[in-house]
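Got your viewer open? Grab the mouse and let's take a walk through this one together, stop by stop.

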Amino acid sequence: MQQILPIQVVNCQADQSILRCPTHNVKDRLASSNNLFMVLQTFELALVKTRQSANPSFRRTIVKNIMLSLFLISIFSLQASAENISKELFKAMNERLSYMEDVALFKANHHRPIEDIEREKLVIKKAVITARSLGIEATQIENFFQAQIAVAKAIQYRYRADLLSKPTTRKPKDLQKFVRPELVQLGETIINKIAARIKSEGQFQPTQFSEFSEIIDVKYVSQSDKRLLFDALLKIKLQTKKSAVRSNS
Ligand SMILES: C=C(O[C@@H]1C=C(C(=O)O)C=C[C@H]1O)C(=O)O
């Protein structure tokens, strides 16, 4: 007897007696065509043909399989979107770090020190406010932003050291007018992605380190910088009712 797996309904051709299906994997198909609409259209076609079918048990099997397949597709889509959120977050973190050579060069040209404690306090304060508004625990976000700032400074110190033997005439982007506003925007994006990921999938997982490590490709970021950032990310969690009450009072 022909066994009809739910996953095989995609791209099936139904006629009076049999269901002919290529053995596609729904996830592969979704990834390759990236077109859920097409898949749904195929289901609709199968349903129309099924309605025309005279065989009631065949009809029932098809409808059951279509329902099951739609359920599986929604699970895969959710999983895929959660994976995308993490990827977008890692890219935003990388983008933040990619500004640091410009920051260092701008500061060197203007005889300013790398570390700016007042600015750091402001960055952390903004992060904590956004995190709380999204229901994320403030202490871990603060710790995570401290890590981002530490790595940002490490890049600047390393680049500035290299400038001693390799001076440049390159003009850096303006720190006040351009880079800092961009860093504020990226900070918002980063917290929003963190909140979206934790709310849909739970806390970050140690298994995500390899993907994270591949995406963070800014020069002067060391392996221990990556570990510092990722370990801080792993600790971020949603606010508990108790801590939400405490932070509001
Ligand atoms: C990026 C800067 O350099 C350092 C890093 C900061 C950060 O990562 O947000 C903030 C202040 C500085 O200590 C800056 O001065 O804006």
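We'll visit the ligand, then some pairs of packed helices. Keep in mind that this is a predicted model.

**Stop 1: around the ligand**

Select the ligand and show the residues around it: V103, E115, D116, R119, E120, V123, Q148, I149, A152, K153, R180 and L183. What mix of residue classes do you get in this shell? Colour by class and you should find five nonpolar, one polar and six charged residues.

Now switch on the helices. Three of them, α5 (117-133), α6 (138-165) and α7 (175-201), each give at least two residues to the shell. Which helix gives the largest share? That's α6, with four residues. Keep α6 highlighted, as the next two stops use it.

**Stop 2: α4 against α6**

Select residues 100-109, which form helix α4, together with α6. Their axes come within 8 Å of each other and cross at roughly 55 degrees. An angle like that is why α4 counts as oblique to α6. The crossing itself is right-handed.

To see where these two touch, show M100, E101, V103, A104 and A108 on the α4 side, and A152, I155, Q156, Y159, R160 and L163 on the α6 side. Sorted by class, this contact has eight nonpolar, one polar and two charged residues. You've met two of these residues already: V103 and A152 are also among those around the ligand.

**Stop 3: α6 against α9**

Leave α6 on and add helix α9, residues 223-235. Here the axes are 8 Å apart and the angle is about 165 degrees. Because of that angle, α6 is roughly antiparallel to α9. This crossing is left-handed.

On α6, pick Q140, N143, F144, A147, Q148, A150, V151 and A154; on α9, their partners are D225, L228, L229, A232, L233 and K235. How does this contact split by class? Count nine nonpolar, three polar and two charged residues. Look out for Q148, another residue around the ligand.

**Stop 4: α3 against α7**

Hide those and select helix α3 (residues 56-98) with α7. The axes sit 9 Å apart, at an angle of about 155 degrees. These two helices are therefore roughly antiparallel to each other, and they make a left-handed crossing.

For the contact, show A82, I85, S86, E88, L89, A92, M93, E95 and R96 on α3. Then add L183, L186, T189, I190, K193, I194, A196, R197, S200 and E201 on α7. By class you get ten nonpolar, three polar and six charged residues. L183 is one more residue from the ligand's surroundings.

**Stop 5: the annotated span**

Last one: select residues 69-160, which an unreviewed UniProt entry lists as "domain: Chorismate mutase". Draw a distance line between the C-alpha atoms at the two ends and it should read 56 Å. Is this span mostly helix or strand? Helix: 87%, with strand at 0%.

Note on methods. Residues are numbered from 1 along each chain as its sequence is written. This is a predicted model: local features need pLDDT of at least 70, side-chain atom pairs count only at pLDDT 80 or more; totals for chains, interfaces and linings use all residues. A residue is near a molecule or strand if its C-beta atom, placed from the backbone, lies within 6 Å of it. Ala, Val, Leu, Ile, Met, Phe, Trp, Tyr, Cys and Pro count as nonpolar, Asp, Glu, Lys and Arg as charged, and the others, Gly among them, as polar. Axes are lines fitted to C-alpha atoms, for helices over the stretch in contact, and angles run from 0 to 180 degrees between N-to-C directions. Angles under 35 degrees count as roughly parallel, over 145 as roughly antiparallel, 65 to 115 as roughly perpendicular and the rest as oblique. A crossing is left-handed if the near helix is turned anticlockwise from the far one by less than a right angle, and right-handed if clockwise. Two residues are in contact if their C-beta atoms, placed from the backbone, lie within 7 Å. UniProt positions are given in the numbering used here, feature names are shortened, and annotations may be inferred rather than shown by experiment.
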